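Grab a pencil and work through these exercises with the model open beside you. Try each task before you read its solution.

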Amino acid sequence: MSLGPATAFIYTPRYLEFDYGPGHPLRNRRLELTYDLISASGLLALPSARCLAPEPATDEELLLFVQPDYLTMLKAADAGQASATAFRYGLGTGDNPIVPGIYGWSALVAGASLLATRLVESGEVGRAFNISGGLHHAGPAKASGFCYINDAALIIADLCRRGHRVAYVDIDVHHGDGVQWAFYDTDQVLTLSIHESGSTLFPGTGFVHELGEGKGEGYSVNVPLPSTADDEIFLWGFNEVIPPLVEAFRPDILVTQLGIDTHRTDPLSHIGISLTAFAQAVRSLKGLCPRWIALGGGGYDLTNVARAWTAAWAIMNDREPPAVLPEPFLARHRGNGFSDGAFMDGPAVINGPTKGHAWKAVRSEVERLKRMVFPRHGI
Ligand SMILES: [Zn+2]
(Lines give C-alpha, C1' and ligand atoms only; values in the text may rest on other atoms or scores of the structure.)
Protein backbone atom coordinates (compact mmCIF):
# COMPACT_ATOMS: atom_id res chain seq x y z
CA MET A 1 0.00 0.00 0.00
CA SER A 2 1.39 3.43 -0.87
CA LEU A 3 1.98 5.82 1.98
CA GLY A 4 0.23 8.77 0.37
CA PRO A 5 1.37 12.35 0.85
CA ALA A 6 2.60 13.62 4.20
CA THR A 7 -0.20 15.24 6.18
CA ALA A 8 -0.56 17.39 9.29
CA PHE A 9 -3.43 17.61 11.75
CA ILE A 10 -3.33 20.80 13.80
CA TYR A 11 -4.76 20.49 17.30
CA THR A 12 -4.28 21.58 20.90
CA PRO A 13 -6.34 20.87 24.03
CA ARG A 14 -6.06 24.62 24.67
CA TYR A 15 -9.07 24.99 22.35
CA LEU A 16 -11.17 23.75 25.26
CA GLU A 17 -10.15 26.64 27.50
CA PHE A 18 -12.51 28.87 25.54
CA ASP A 19 -16.30 28.85 25.63
CA TYR A 20 -18.73 31.13 23.77
CA GLY A 21 -21.06 30.92 26.77
CA PRO A 22 -24.14 28.89 27.68
CA GLY A 23 -26.74 28.73 24.97
CA HIS A 24 -24.36 29.66 22.14
CA PRO A 25 -24.60 27.08 19.35
CA LEU A 26 -20.87 27.01 18.57
CA ARG A 27 -19.31 24.53 20.99
CA ASN A 28 -15.57 23.91 21.15
CA ARG A 29 -16.38 20.49 22.54
CA ARG A 30 -16.90 19.43 18.91
CA LEU A 31 -13.18 19.91 18.32
CA GLU A 32 -12.32 17.58 21.18
CA LEU A 33 -14.84 14.99 19.98
CA THR A 34 -13.34 15.15 16.49
CA TYR A 35 -9.81 14.75 17.82
CA ASP A 36 -10.94 11.81 19.96
CA LEU A 37 -12.70 10.09 17.09
CA ILE A 38 -9.80 10.59 14.69
CA SER A 39 -7.41 9.29 17.30
CA ALA A 40 -9.58 6.28 18.24
CA SER A 41 -9.93 5.44 14.53
CA GLY A 42 -6.14 5.06 14.27
CA LEU A 43 -5.92 7.98 11.85
CA LEU A 44 -3.30 9.94 13.78
CA ALA A 45 -0.95 6.96 13.98
CA LEU A 46 -0.51 6.69 10.20
CA PRO A 47 3.15 6.77 9.15
CA SER A 48 2.55 9.75 6.86
CA ALA A 49 0.52 11.78 9.38
CA ARG A 50 1.66 14.21 12.07
CA CYS A 51 -0.26 16.01 14.77
CA LEU A 52 1.06 19.45 15.69
CA ALA A 53 -0.01 22.03 18.27
CA PRO A 54 -0.37 25.65 17.15
CA GLU A 55 0.76 28.87 18.83
CA PRO A 56 -1.41 32.00 18.77
CA ALA A 57 -0.83 34.31 15.81
CA THR A 58 1.14 37.45 16.67
CA ASP A 59 -0.33 40.94 16.21
CA GLU A 60 1.94 41.43 13.22
CA GLU A 61 0.52 38.30 11.61
CA LEU A 62 -3.08 39.21 12.40
CA LEU A 63 -2.61 42.67 10.88
CA LEU A 64 -2.13 41.01 7.49
CA PHE A 65 -5.91 41.00 7.34
CA VAL A 66 -7.29 42.63 10.49
CA GLN A 67 -7.51 46.42 10.94
CA PRO A 68 -5.52 47.80 13.91
CA ASP A 69 -8.49 49.57 15.55
CA TYR A 70 -10.52 46.34 15.51
CA LEU A 71 -7.64 44.38 17.01
CA THR A 72 -7.39 46.95 19.83
CA MET A 73 -11.14 46.67 20.41
CA LEU A 74 -10.99 42.87 20.45
CA LYS A 75 -8.20 42.92 23.04
CA ALA A 76 -10.16 45.36 25.21
CA ALA A 77 -13.24 43.12 24.89
CA ASP A 78 -11.16 40.12 25.93
CA ALA A 79 -10.02 42.00 29.05
CA GLY A 80 -13.59 42.99 29.93
CA GLN A 81 -13.01 46.62 28.92
CA ALA A 82 -15.07 46.90 25.75
CA SER A 83 -16.22 50.45 25.12
CA ALA A 84 -19.65 51.54 24.01
CA THR A 85 -18.45 51.55 20.40
CA ALA A 86 -17.82 47.78 20.41
CA PHE A 87 -21.14 47.21 18.67
CA ARG A 88 -19.82 49.06 15.61
CA TYR A 89 -17.39 46.20 15.24
CA GLY A 90 -20.12 43.59 15.49
CA LEU A 91 -19.19 42.78 19.08
CA GLY A 92 -21.62 42.22 21.92
CA THR A 93 -24.45 40.70 19.91
CA GLY A 94 -26.11 37.34 20.51
CA ASP A 95 -24.04 35.84 17.69
CA ASN A 96 -20.77 37.48 18.69
CA PRO A 97 -20.83 37.83 22.45
CA ILE A 98 -18.07 39.59 24.33
CA VAL A 99 -16.68 36.78 26.43
CA PRO A 100 -13.38 36.43 28.30
CA GLY A 101 -10.66 34.87 26.18
CA ILE A 102 -12.18 35.90 22.86
CA TYR A 103 -9.01 37.54 21.57
CA GLY A 104 -6.73 34.70 22.70
CA TRP A 105 -9.03 32.11 21.17
CA SER A 106 -9.27 33.95 17.86
CA ALA A 107 -5.48 34.42 17.73
CA LEU A 108 -4.97 30.71 18.47
CA VAL A 109 -7.30 29.67 15.62
CA ALA A 110 -5.48 32.05 13.27
CA GLY A 111 -2.14 30.65 14.48
CA ALA A 112 -3.37 27.13 13.72
CA SER A 113 -4.30 28.10 10.17
CA LEU A 114 -0.95 29.87 9.72
CA LEU A 115 0.85 26.73 10.92
CA ALA A 116 -1.08 24.64 8.39
CA THR A 117 -0.14 27.20 5.73
CA ARG A 118 3.58 27.12 6.56
CA LEU A 119 3.67 23.33 6.46
CA VAL A 120 1.94 23.15 3.09
CA GLU A 121 3.71 26.12 1.52
CA SER A 122 7.15 24.79 2.51
CA GLY A 123 6.32 21.36 1.11
CA GLU A 124 6.82 19.64 4.48
CA VAL A 125 3.35 18.20 4.01
CA GLY A 126 1.02 18.09 1.04
CA ARG A 127 -2.17 18.44 3.07
CA ALA A 128 -2.96 20.01 6.44
CA PHE A 129 -6.20 20.24 8.41
CA ASN A 130 -7.08 22.88 11.01
CA ILE A 131 -10.50 21.84 12.33
CA SER A 132 -10.73 24.99 14.51
CA GLY A 133 -10.46 27.30 11.48
CA GLY A 134 -12.75 28.37 8.68
CA LEU A 135 -14.20 31.39 10.50
CA HIS A 136 -15.31 32.78 7.18
CA HIS A 137 -17.79 35.52 8.12
CA ALA A 138 -15.49 37.99 9.91
CA GLY A 139 -14.42 41.16 8.10
CA PRO A 140 -11.19 43.13 8.59
CA ALA A 141 -12.91 45.26 11.26
CA LYS A 142 -16.02 43.26 12.10
CA ALA A 143 -17.11 40.19 13.98
CA SER A 144 -19.94 38.36 12.25
CA GLY A 145 -21.72 35.01 12.44
CA PHE A 146 -19.71 33.60 15.41
CA CYS A 147 -16.44 34.64 13.69
CA TYR A 148 -14.15 37.29 15.19
CA ILE A 149 -10.99 36.88 13.10
CA ASN A 150 -11.21 35.48 9.60
CA ASP A 151 -8.37 32.94 9.57
CA ALA A 152 -9.22 31.83 6.02
CA ALA A 153 -8.87 35.36 4.62
CA LEU A 154 -5.75 35.88 6.73
CA ILE A 155 -3.86 32.88 5.34
CA ILE A 156 -4.94 33.63 1.78
CA ALA A 157 -3.68 37.24 2.18
CA ASP A 158 -0.43 35.81 3.52
CA LEU A 159 -0.07 33.43 0.55
CA CYS A 160 -0.92 36.20 -1.91
CA ARG A 161 1.85 38.49 -0.72
CA ARG A 162 4.31 35.74 -1.59
CA GLY A 163 2.83 35.52 -5.08
CA HIS A 164 0.75 32.34 -4.80
CA ARG A 165 -2.45 31.86 -6.73
CA VAL A 166 -5.07 30.49 -4.36
CA ALA A 167 -8.39 28.76 -4.93
CA TYR A 168 -10.75 28.93 -1.95
CA VAL A 169 -13.65 26.46 -1.88
CA ASP A 170 -16.27 26.89 0.84
CA ILE A 171 -18.85 24.11 1.34
CA ASP A 172 -20.30 25.47 4.62
CA VAL A 173 -24.10 25.87 4.46
CA HIS A 174 -23.61 29.64 4.87
CA HIS A 175 -22.08 31.85 2.18
CA GLY A 176 -18.37 32.48 2.74
CA ASP A 177 -18.93 36.24 2.61
CA GLY A 178 -15.89 37.48 4.55
CA VAL A 179 -13.48 35.66 2.24
CA GLN A 180 -15.36 36.68 -0.88
CA TRP A 181 -15.28 40.41 -0.04
CA ALA A 182 -11.61 40.24 1.01
CA PHE A 183 -10.56 39.18 -2.50
CA TYR A 184 -13.41 40.62 -4.56
CA ASP A 185 -11.19 42.76 -6.79
CA THR A 186 -8.31 40.40 -7.54
CA ASP A 187 -7.76 37.60 -10.03
CA GLN A 188 -5.07 36.08 -7.80
CA VAL A 189 -7.71 34.37 -5.67
CA LEU A 190 -10.64 32.36 -6.99
CA THR A 191 -13.33 32.13 -4.31
CA LEU A 192 -16.07 29.52 -4.72
CA SER A 193 -18.89 29.05 -2.25
CA ILE A 194 -21.74 26.53 -2.42
CA HIS A 195 -24.36 27.21 0.23
CA GLU A 196 -28.03 27.55 1.08
CA SER A 197 -29.35 30.62 -0.71
CA GLY A 198 -29.01 33.98 1.00
CA SER A 199 -32.73 34.45 0.48
CA THR A 200 -33.44 31.87 3.21
CA LEU A 201 -30.27 31.90 5.33
CA PHE A 202 -27.64 34.10 7.00
CA PRO A 203 -25.69 36.12 5.86
CA GLY A 204 -28.14 36.96 3.06
CA THR A 205 -25.48 37.14 0.33
CA GLY A 206 -23.78 34.69 -2.04
CA PHE A 207 -25.90 35.15 -5.16
CA VAL A 208 -24.75 34.27 -8.68
CA HIS A 209 -24.48 37.94 -9.67
CA GLU A 210 -21.79 38.54 -7.02
CA LEU A 211 -19.06 37.92 -9.57
CA GLY A 212 -16.19 40.08 -8.36
CA GLU A 213 -15.18 43.47 -9.71
CA GLY A 214 -12.37 45.04 -11.72
CA LYS A 215 -9.60 42.52 -12.27
CA GLY A 216 -11.53 40.18 -9.97
CA GLU A 217 -14.59 39.97 -12.22
CA GLY A 218 -15.32 36.28 -12.73
CA TYR A 219 -13.16 35.24 -9.77
CA SER A 220 -15.94 35.27 -7.20
CA VAL A 221 -18.28 32.34 -7.72
CA ASN A 222 -21.44 31.44 -5.84
CA VAL A 223 -23.69 28.40 -6.09
CA PRO A 224 -26.81 29.23 -4.06
CA LEU A 225 -28.91 26.17 -3.32
CA PRO A 226 -32.64 25.99 -2.59
CA SER A 227 -33.51 25.40 1.08
CA THR A 228 -34.82 21.93 0.19
CA ALA A 229 -31.54 20.73 -1.35
CA ASP A 230 -30.60 17.11 -0.63
CA ASP A 231 -27.57 14.96 -1.53
CA GLU A 232 -28.37 14.87 -5.24
CA ILE A 233 -28.93 18.60 -5.59
CA PHE A 234 -25.86 19.49 -3.50
CA LEU A 235 -23.51 17.12 -5.33
CA TRP A 236 -24.87 18.08 -8.75
CA GLY A 237 -24.32 21.80 -8.05
CA PHE A 238 -20.88 21.06 -6.63
CA ASN A 239 -19.76 18.86 -9.53
CA GLU A 240 -21.06 21.13 -12.26
CA VAL A 241 -19.24 24.21 -11.00
CA ILE A 242 -16.39 23.63 -8.58
CA PRO A 243 -14.05 21.05 -10.19
CA PRO A 244 -14.14 22.62 -13.69
CA LEU A 245 -13.38 26.13 -12.40
CA VAL A 246 -10.62 25.09 -10.01
CA GLU A 247 -9.04 22.96 -12.74
CA ALA A 248 -9.18 25.86 -15.20
CA PHE A 249 -7.70 28.28 -12.60
CA ARG A 250 -4.83 25.91 -11.73
CA PRO A 251 -4.08 27.22 -8.23
CA ASP A 252 -0.73 26.87 -6.48
CA ILE A 253 -2.56 26.11 -3.27
CA LEU A 254 -6.13 25.06 -2.48
CA VAL A 255 -7.79 26.31 0.72
CA THR A 256 -11.10 24.70 1.66
CA GLN A 257 -13.66 25.49 4.33
CA LEU A 258 -15.39 22.24 5.30
CA GLY A 259 -18.39 23.38 7.34
CA ILE A 260 -20.82 20.51 7.97
CA ASP A 261 -23.83 22.61 8.90
CA THR A 262 -25.23 21.36 5.58
CA HIS A 263 -26.06 18.09 7.34
CA ARG A 264 -29.71 17.04 7.68
CA THR A 265 -29.44 16.98 11.49
CA ASP A 266 -27.92 20.45 11.76
CA PRO A 267 -30.16 22.79 13.76
CA LEU A 268 -29.11 26.05 12.03
CA SER A 269 -29.96 25.38 8.39
CA HIS A 270 -32.70 24.01 6.17
CA ILE A 271 -30.92 22.03 3.48
CA GLY A 272 -30.07 18.49 4.46
CA ILE A 273 -27.28 16.33 3.10
CA SER A 274 -25.72 13.14 4.44
CA LEU A 275 -22.19 12.52 5.68
CA THR A 276 -21.81 10.32 2.62
CA ALA A 277 -22.45 13.26 0.28
CA PHE A 278 -20.14 15.50 2.34
CA ALA A 279 -17.37 12.89 2.04
CA GLN A 280 -18.00 12.66 -1.71
CA ALA A 281 -17.40 16.40 -2.05
CA VAL A 282 -14.22 16.15 0.05
CA ARG A 283 -12.94 13.30 -2.16
CA SER A 284 -13.51 15.47 -5.19
CA LEU A 285 -11.63 18.41 -3.57
CA LYS A 286 -8.66 16.14 -2.92
CA GLY A 287 -8.13 15.61 -6.62
CA LEU A 288 -8.01 19.33 -7.45
CA CYS A 289 -4.60 20.38 -6.12
CA PRO A 290 -1.61 18.59 -4.57
CA ARG A 291 -1.16 21.37 -1.99
CA TRP A 292 -4.24 21.57 0.20
CA ILE A 293 -5.04 23.46 3.40
CA ALA A 294 -8.35 22.31 4.87
CA LEU A 295 -10.18 24.31 7.53
CA GLY A 296 -13.21 23.43 9.66
CA GLY A 297 -16.23 25.70 9.73
CA GLY A 298 -19.83 25.54 10.89
CA GLY A 299 -21.39 22.44 12.41
CA TYR A 300 -23.83 22.44 15.30
CA ASP A 301 -24.77 18.78 15.65
CA LEU A 302 -21.64 17.78 17.53
CA THR A 303 -21.81 14.06 16.81
CA ASN A 304 -21.97 14.60 13.08
CA VAL A 305 -19.23 17.24 13.15
CA ALA A 306 -16.91 14.63 14.67
CA ARG A 307 -17.94 12.03 12.09
CA ALA A 308 -17.67 14.39 9.12
CA TRP A 309 -14.25 15.79 9.96
CA THR A 310 -12.91 12.34 10.82
CA ALA A 311 -14.09 11.20 7.38
CA ALA A 312 -12.44 14.27 5.81
CA TRP A 313 -9.14 13.57 7.60
CA ALA A 314 -9.30 9.92 6.49
CA ILE A 315 -9.77 11.06 2.90
CA MET A 316 -6.89 13.55 3.19
CA ASN A 317 -4.76 10.55 4.13
CA ASP A 318 -6.06 8.44 1.22
CA ARG A 319 -7.99 6.24 3.67
CA GLU A 320 -11.66 5.67 4.32
CA PRO A 321 -13.37 6.26 7.67
CA PRO A 322 -13.99 3.12 9.73
CA ALA A 323 -17.20 1.20 9.04
CA VAL A 324 -18.41 1.57 12.63
CA LEU A 325 -17.60 3.90 15.49
CA PRO A 326 -14.59 2.47 17.35
CA GLU A 327 -15.50 0.77 20.65
CA PRO A 328 -13.07 2.75 22.87
CA PHE A 329 -14.54 5.98 21.53
CA LEU A 330 -18.10 4.77 22.16
CA ALA A 331 -17.17 3.70 25.67
CA ARG A 332 -16.13 7.29 26.41
CA HIS A 333 -18.86 9.13 24.54
CA ARG A 334 -22.12 7.12 24.68
CA GLY A 335 -23.49 9.83 26.95
CA ASN A 336 -22.69 12.52 24.39
CA GLY A 337 -25.23 11.47 21.80
CA PHE A 338 -23.21 8.73 20.13
CA SER A 339 -24.77 5.29 19.86
CA ASP A 340 -23.65 2.08 18.22
CA GLY A 341 -23.94 1.81 14.52
CA ALA A 342 -22.47 2.67 11.18
CA PHE A 343 -19.96 5.47 11.01
CA MET A 344 -21.43 7.07 7.89
CA ASP A 345 -25.15 7.56 7.31
CA GLY A 346 -27.47 6.61 4.50
CA PRO A 347 -28.34 8.91 1.62
CA ALA A 348 -30.42 12.04 2.25
CA VAL A 349 -32.74 12.18 -0.74
CA ILE A 350 -36.12 13.83 -1.06
CA ASN A 351 -38.78 13.05 -3.65
CA GLY A 352 -42.05 14.41 -5.00
CA PRO A 353 -42.95 17.91 -6.19
CA THR A 354 -40.55 19.59 -3.76
CA LYS A 355 -37.68 17.84 -5.48
CA GLY A 356 -38.89 19.00 -8.88
CA HIS A 357 -38.92 22.61 -7.67
CA ALA A 358 -35.43 22.20 -6.16
CA TRP A 359 -34.04 20.81 -9.44
CA LYS A 360 -35.56 23.67 -11.39
CA ALA A 361 -34.06 26.24 -9.03
CA VAL A 362 -30.54 24.80 -8.96
CA ARG A 363 -30.44 24.16 -12.71
CA SER A 364 -31.42 27.72 -13.47
CA GLU A 365 -28.78 29.17 -11.09
CA VAL A 366 -26.03 26.91 -12.43
CA GLU A 367 -26.92 27.67 -16.06
CA ARG A 368 -26.80 31.40 -15.33
CA LEU A 369 -23.48 31.00 -13.55
CA LYS A 370 -21.99 29.01 -16.43
CA ARG A 371 -23.07 31.68 -18.89
CA MET A 372 -21.63 34.52 -16.82
CA VAL A 373 -18.42 32.98 -15.46
CA PHE A 374 -17.21 29.95 -17.42
CA PRO A 375 -16.20 31.85 -20.60
CA ARG A 376 -13.89 34.08 -18.53
CA HIS A 377 -11.99 30.93 -17.62
CA GLY A 378 -11.91 29.52 -21.13
CA ILE A 379 -14.55 26.84 -20.49
ZN1 LIG B 1 -22.06 27.88 8.56
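A residue is called buried when its relative accessible area is under 20%, and exposed when that area is over 50%. Keep in mind that this model is predicted.

**Exercise 1. Find the protein donors of the zinc ion, then work out which parts of the chain H174 and D261 tie together.**

Step 1: Start at the metal. The protein donors are D172 (OD), H174 (ND1) and D261 (OD), and they lie 1.9 to 2.1 Å from the zinc ion.

Step 2: Put the donors in sequence order. Their spacing reads D-x1-H-x86-D.

Step 3: Place the pair on the fold. H174 is in the loop between β4 (166–170) and α6 (177–182), while D261 is in the loop between β7 (253–257) and α8 (275–286), so the two tie together parts that are 87 residues apart in sequence.

Step 4: Check burial with the 20% cut-off. D261 has 0% relative accessibility, so it counts as buried. H174 is buried too, with a relative accessible area of 8%.

**Exercise 2. Write down the strand order of the open sheet, and say which strands stand at its edges.**

Step 1: Trace the 8 strands. The order is β2-β1-β3-β8-β7-β4-β5-β6, and the pairing is parallel.

Step 2: Look for strands with a single partner. Those are β2 (49–52) and β6 (220–225), so each has one side left without a neighbour in the sheet.

Step 3: Add the twist. Ignoring direction, neighbouring strands are turned by 15 degrees against each other on average.

Step 4: Zoom in on one pair. β7 and β8 (residues 292–295) run parallel and are joined by 4 bridges; V255 has I293 in β8 as its bridge partner.

Step 5: Lay helices on the sheet. α4 (residues 102–122) lies across β1 (7–10), β2, β3 (127–130), β7 and β8, and runs at about 175 degrees to β3. α5 (residues 151–161) lies across β3, β4, β5 (189–196), β7 and β8, at about 160 degrees to β8.

**Exercise 3. Describe the surroundings of H263: where is it, and which side chains does its own side chain make polar contacts with?**

Step 1: Locate H263. You'll find it in the loop between β7 and α8.

Step 2: Judge its accessibility. At 3%, H263 counts as buried.

Step 3: List the polar contacts. The H263 side chain makes one with the side chain of T265, at 2.9 Å, and one with the side chain of D345, at 2.8 Å.

Step 4: Look beyond the four nearest places in sequence. H263 touches several residues there, including I271, L275, N304 and D345.

**Exercise 4. How many disulfides are there, and why can't C147 or C160 form a bond?**

Step 1: Search the whole structure. The count is 0.

Step 2: Take C147. Its sulfur is 20 Å from the closest cysteine sulfur, in C160, so that is too far for a bond.

Step 3: Take C160. Its closest cysteine sulfur is in C289, 14 Å away, which is again too far.

Step 4: Check burial. C147 is buried at 4%, and C160 is buried at 16%.

**Exercise 5. Where is F343, and how far apart in space are F343 and V324?**

Step 1: Place F343 in the loop between α10 (327–333) and α11 (353–373).

Step 2: Check its accessible area. At 1%, F343 is buried.

Step 3: Compare sequence with space. F343 and V324 are 19 residues apart in sequence and 4.5 Å apart in space, C-alpha to C-alpha.

Step 4: Name some contacts. Among them are L37, L275, R307, P321 and V324.

Technical notes. Residues are numbered from 1 along each chain as its sequence is written. This is a predicted model: local features need pLDDT of at least 70, side-chain atom pairs count only at pLDDT 80 or more; totals for chains, interfaces and linings use all residues. Side-chain values use heavy atoms; hydrogens and water are left out. Donors are N, O and S atoms within 2.8 Å of the metal (3.2 Å for Na, K and Ca); water is not among the atoms, so sites may look incomplete. Buried means under 20% relative accessible area, exposed over 50%, partly exposed in between (1.4 Å probe, protein chains only). Two strands pair if DSSP finds at least two bridges between them. Axes are lines fitted to C-alpha atoms, for helices over the stretch in contact, and angles run from 0 to 180 degrees between N-to-C directions. Contact means heavy atoms within 4.5 Å. A polar contact is a pair of N or O atoms within 3.5 Å; within protein, one must be able to donate a hydrogen and the other to accept it, and residues adjacent in sequence count only if both atoms are side-chain atoms. A disulfide is a pair of cysteine sulfur atoms within 2.5 Å. Lists of a residue's contacts leave out its neighbours within four places in sequence.
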